[in-house]
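Biologist: I have the two chains open in front of me. Could we go through one helix and then the interface?
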Amino acid sequence: MSECRHYAPMLTSRPGELPAADAQAMERHLDACVECRALRATFLATEGLLAEGLLAKAAERDFAPFTDAVMARVTRRHSRPGRLYDWVSHHRVRAAISALAPAFAAAALVVYFQGPTPDNSPAPHVFEMTSEGVTTVLKTDQGPVVLMGDDDDDGDEGT
Amino acid sequence: MEADDLSLVRRARTGDDGAFQALVVRYQRKVYAVALGIVRDTDTAWDVSQEAFVRAHSHLAGLEGEEAFVKWLFRITSHLAIDAVRRERRSLKDAMEDVAEADLVGGGEGILSTPLGLDPSDNLLRRELASRMTEALGQLPEIHREILVLRELEGLTYEELAARLGIQKGTVMSRLFHARKKMQVLLADYAGLRGGDVGGQDRVEEGSES
């Protein structure tokens, strides 16, 4: 009985698969043990049946759609521009953000250097500033701007 | 005259879709049979098989030794099938024994030398038995199903099975014995095969040898 347990795992071996000493010992056991011999014979008789059965199952199916589906997938991969396309198609949001990032950065720089324009009117460009008496005149590209002095106000008040 | 695998692989590598299609047509049923044996579900096996071909196509350039294309294709298939079973198992929270991921290793002849319908010894009983065996496969535990398919369809040796499954050779031998023994029990009703406790071998434990 213990001998059977020892040799049982060897019963599924194929020719040449066991070390020579083990193979010879198993053969000697099989000569003496009719039960193990019967089991070994059964294993050998059914060897390959599983493959046959599974292949028969496969043969029942129509594989034309299978071939078409595989080739469609393979061809689709061919037609793609490459890994960049794969990455973009799998990370569309990230791709969009990445593509727009330089534009956003450029826009931010423009806004930063232009500064705020609260009243939507262009800031007067000062070309020259002169003082004539108590009156200050700013010469801008939009014409002269006269800044009235305090004395004028006083004068107005005096009239 | 049909082109051999080697020339088809070489042409496929250069972008010849017709050559790759010829390989698909040549091996699709065998690839499907391997997948079906492991995952059991026909739709999943169909998807796994398609994915195997697509992955094979995308990695053709990295294939070392074009003559090994079929074995390489079967390895991709069985890995994908085992992954599919694992995903299903995780979703079911089934506490089956984990099967370690293994590197791709070469295989034997296996299913390649099983030309269905060409064996002169084929007869009705044999075909019936093969059909029953396929059905019985679904009743085996996952670890036994996997090792039987890898052994019978891919033709892996003890050493190759050990490397693929990440277990000791002794564990391979005992696991394979139990798998085949359970299969005999399931088939006993159909063909009068012996399925009882012959010589007490049922008490053989996995990993009892190394």
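Modeller: In H3(B), a helix taken as a DSSP run of H or I of at least four residues, numbered from the N terminus, the buried residues are B:Ala45, B:Val48, B:Ser49, B:Gln50, B:Ala52, B:Phe53, B:Ala56 and B:His57; buried means that 20 or more other C-beta atoms, placed from the backbone, lie within 10 Å of a residue's own. This is a predicted model, in which local features need pLDDT of at least 70 and side-chain atom pairs 80 or more, while totals for chains, interfaces and linings use all residues. Residues are numbered from 1 along each chain as its sequence is written, and chains are lettered from A and ligands numbered from 1 in the order written.

Biologist: How many residues has H3(B), and what does it span?

Modeller: H3(B) has 17 residues and reaches 25 Å from first to last C-alpha, close to the 24 Å expected, which is 1.5 Å times one less than the number of residues.

Biologist: Switching to the interface, how many residues of chain B are in contact with chain A?

Modeller: 49 residues of chain B are in contact with 39 of chain A, contact meaning C-beta atoms, placed from the backbone, within 7 Å.

Biologist: Which element gives the largest share on the chain B side?

Modeller: H2(B) does, with 12 residues, and that side of chain B divides into 24 nonpolar, 16 polar and 9 charged residues; Ala, Val, Leu, Ile, Met, Phe, Trp, Tyr, Cys and Pro count as nonpolar, Asp, Glu, Lys and Arg as charged, and the others, Gly among them, as polar.

Note on methods:
Contact = placed C-beta atoms within 7 Å. Helix = DSSP H or I, 4+ residues; strand = E, 2+ residues; numbered from the N terminus. Buried ≥ 20, exposed ≤ 12 C-beta atoms within 10 Å, placed from the backbone.
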